[in-house]
Amino acid sequence: MIGNITPHMPEKLVACLRPGAPGLLLTAGADDFATSAYTWIVALDAQRARFAVDEGGSTMANLQRSGQASLQVIGQGDISFIVKGRARALKPRLDAAAPYVIQLWEMEVVGAKDQSWPGVATNALTYEWPAAQREAMLGMEQAVYKEMREAK
């Protein structure tokens, strides 16, 4: 560990991401400006994370061009991390996300930076679905997390 940077995800981050959690996917555009996109993230272990990417957007183009990605995770308590690594497409379409076309990508973690501040608690990043869609979207989200963990 170098200061607040580790070569892998610490166990408290893996525990937060193992069941699945929303986060931000950060990439660099062709113009070198940072871009961010909401995503779903799961951790398989301390070295591998999976995330979802909408097909056809600038985020996907950035990933296809460079393979570099960062994931920003903000969870309950003192979970505030940026995880970086090399990403590759794993599955062209998450079945559980239909009718949306969302790809599954996997990151080989090369570093995790703890951005928490001692004594400061954070609230988890969450989605607030419209009332009429809430139950269906929560069900889809859980099915997506399951598929993300189990994909080969």
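**Entry 1, strand pairing.** I began with β4 and β7, which pair in the antiparallel sense over seven bridges. I picked out one partner: R50 is bridged to E106 in β7. I note here that the model is predicted.

**Entry 2, β6 beside β7.** I asked how many bridges join β6 to β7. I found 10, and the two strands run antiparallel. In this part of the search I also looked up F81, and it stands opposite D114 in β7.

**Entry 3, β1.** I then turned to strand β1, residues 5–6. Two bridges join β1 to β7, and the direction is antiparallel. For T6, I found A112 as the bridge partner in β7.

**Entry 4, helix α3, length.** I left the strands and checked helix α3, residues 134–150. With 17 residues at 1.5 Å a residue, α3 should span 24 Å. I looked up the end C-alpha atoms and they are 24 Å apart, so the expected span and the model agree.

**Entry 5, helix α3, buried residues.** Which residues of α3 are buried? I listed M137, M140, E141, V144, Y145, E147 and M148. They cover an arc of only 165° around the axis, and therefore they lie on the same side of α3.

**Entry 6, what covers them.** I looked for what covers the buried residues of α3, and the cover includes β2 (21–28), β3 (34–45) and β4 (48–54). It also includes β6 (79–91) and β7 (102–114). I had met β4 and β7 already, as an antiparallel pair, and β6 as a strand joined to β7.

Terms used. Residues numbered from 1 in each chain as written. Predicted model: local features only at pLDDT ≥ 70, side-chain atom pairs only at ≥ 80, totals over all residues. Heavy atoms only, no water. Expected span 1.5 Å × (residues − 1). Buried < 20%, exposed > 50% of the residue type's maximum accessible area, 1.4 Å probe, protein only. Arc of directions from axis to C-beta. Contact = heavy atoms within 4.5 Å. Pairing = 2+ DSSP bridges.
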